[in-house]
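Here is a short walk through one structure, with an eye on how its two parts meet and how one of its sheets is put together. Please keep the model open beside you as you read.

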Amino acid sequence: MFSLRGISTRIASKRSLFTIRPHLVLRGYATSQDVSTLLLVEHKDKSIASSTLNAFTAASKLGNNITALVAGEDPEHVALEVSKINIVSKVLVAKDKVYEHGLAEVYAPLLTSAQKQLKFTHLVASHSAFGKNIMPRVAALLDVAQVSDVSDIVSPDTFIRPIYAGNAIAKVKSKDPIKVLTIRGTAFPPVPVGEQTGVSPEAAPESEKPALTEWVSEELQKSDRPELGAATKVVSGGRALKSRENFDKLIFSLADSIGAAVGGSRAAVDSGYCDNAIQVGQTGKVVAPEFYLAIGISGAIQHIAGMKDSKVIAAINSDPDAPIFQISDYGLVADLFTAVPELTEKLKK
C-alpha cells in the first residue's frame, strides 16, 4: 500500500522533456535495529559480475556492516576475491551444486534463512537478470515490499528509483523492518577490489533446497567483443537496418572498428535482426557507456530508458524529427546504408 504525497513537475535538460517527483511511502513497520546488509554476489567463470561491484558501492551508503554471500558449486575463488574488498565485513559461502546456475527456487530460501538467523536489515542484489529473478521471491517469503532498480540511497529507509521508463523519479520510504533492494548498476561506480585478502570466508547458514526446478542446459554465444553491460563504447542498431544480414554487416563491423559492444533496440530484436541478449531498453539491458551510437533507432521511450545515462550519445537516422535526436549530443541525418560503411572505412584507417 502506498500514498502519493505530492508531485512537482519541471522542465529538464535535453535528455528528458520533464521530470515528475512523487513521494511514495510504503506502509509497514518501523525498526530501530542498526543497519546490517547482506549482499548477494553474482559471479560467472570465477569472476565477480561488474554489476555486483556497483551494488557494493550502493550498499556502502547504507552503513559499514556489509556481509557478502557467495554461492555456487565451487565458490571459494570468488569468495576470496570478495574478501579483498575493503568495505566487506564478512563473507558467507554456500557450497552446493544446486547453486551453480542461479535458480531462484534454491537461492531465495538461502537468503531468507541467512536473514532470519543473522538478523540482516537490508538484503541487496544488482538489478540484473540474476537479481531480478531472485529478490522478488525473497521479498515474498519475508512478506515485505521490494524496492527495485534503486538509483540512489538517501538514508537506510529512503531510496530513489526511476519509474515510467525513467520519465519520473520516485523517492520511496519503506517502513518494512527488512528492506529488499535491487540496485541499478549504472547509477553507482564499481567498488575497487584490493590486492590483500581481508576477512576469512565462513559457511553460510543451512537452508532448504527445494527440488522444484531442475537445470537442464544452456546455449551460450561466445564473443571477443566487450560485455554489453560493462562496455565503455556501445554501437546499437534498430529496425531501419531491415534485415539480420544488414545488422551483422553494418553494426558489427562498425563496432569492431572501435572496440565497442553491440546492442539492439527492441524493434530490431522483435524483427529477428539480433538476439534478445543484446537488447538495450526498459525490458532489456540498461547501459551507461562513455559513448553510445544509435543507428537506425527512432528513440522510443522504451529504448531511451536503457541508454539515456550514457556520457556522450550520437545518432544516425534519416528522419530529422526522430526523437533520438532530442537526447543526442551529436546527430547525423543521413541514409545509414551510405553513412555507416563510409564511417567504418574511415575509422579502420
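A salt bridge here is a side-chain nitrogen of Lys or Arg within 4 Å of a carboxyl oxygen of Asp or Glu. Between domain 1 and domain 2 the count is one salt bridge. This is a predicted model, in which local features need pLDDT of at least 70 and side-chain atom pairs count only at pLDDT 80 or more, while totals for chains, interfaces and linings use all residues. Residues are numbered from 1 along each chain as its sequence is written, and side-chain values use heavy atoms, with hydrogens and water left out.

**Where the domains meet**

Domain 1 covers 37–203 and domain 2 covers 233–348, with bounds that come from an automatic or database domain assignment. Their centres, taken over C-alpha atoms, are separated by 31 Å. Five residues from domain 1 and eight residues from domain 2 take part in the contact, which means heavy atoms within 4.5 Å. About 580 Å² is buried between the two domains, and carbon and sulfur atoms give 49% of that area. Buried area is the accessible area (1.4 Å probe) that two parts lose on being put together, summed over both. On the domain 1 side, A165, R184 and T186 lose the most area to domain 2, together 74% of what that side buries.

Which residue forms a salt bridge with R184? The partner is D309, with the closest N and O atoms 3.9 Å apart. The structure holds eleven salt bridges. R184 sits in the loop between β15 and β16 and D309 in the loop between α7 and β20, so this pair ties together parts that are 125 residues apart in sequence.

**The five-stranded sheet**

Helices (H or I, at least four residues) and strands (E, at least two) are DSSP runs, numbered from the N terminus. Strands pair if DSSP finds at least two bridges between them. One open sheet has five strands in the order β18-β17-β19-β20-β21, with parallel pairing. β18 and β21 are at the edges with a single partner strand each, so one side of each has no neighbour in the sheet. Four bridges join β20 to β21, and A314 has Y330 in β21 as its bridge partner.

Two helices lie across strands of this sheet; axes are lines fitted to C-alpha atoms, for helices over the stretch in contact, and angles run from 0 to 180 degrees between N-to-C directions.

| Helix | Residues | Lies across | Angle |
|---|---|---|---|
| α5 | residues 244–258 | β17, β18 and β19 | about 170 degrees to β17 |
| α8 | residues 336–348 | β19, β20 and β21 | about 130 degrees to β20 |
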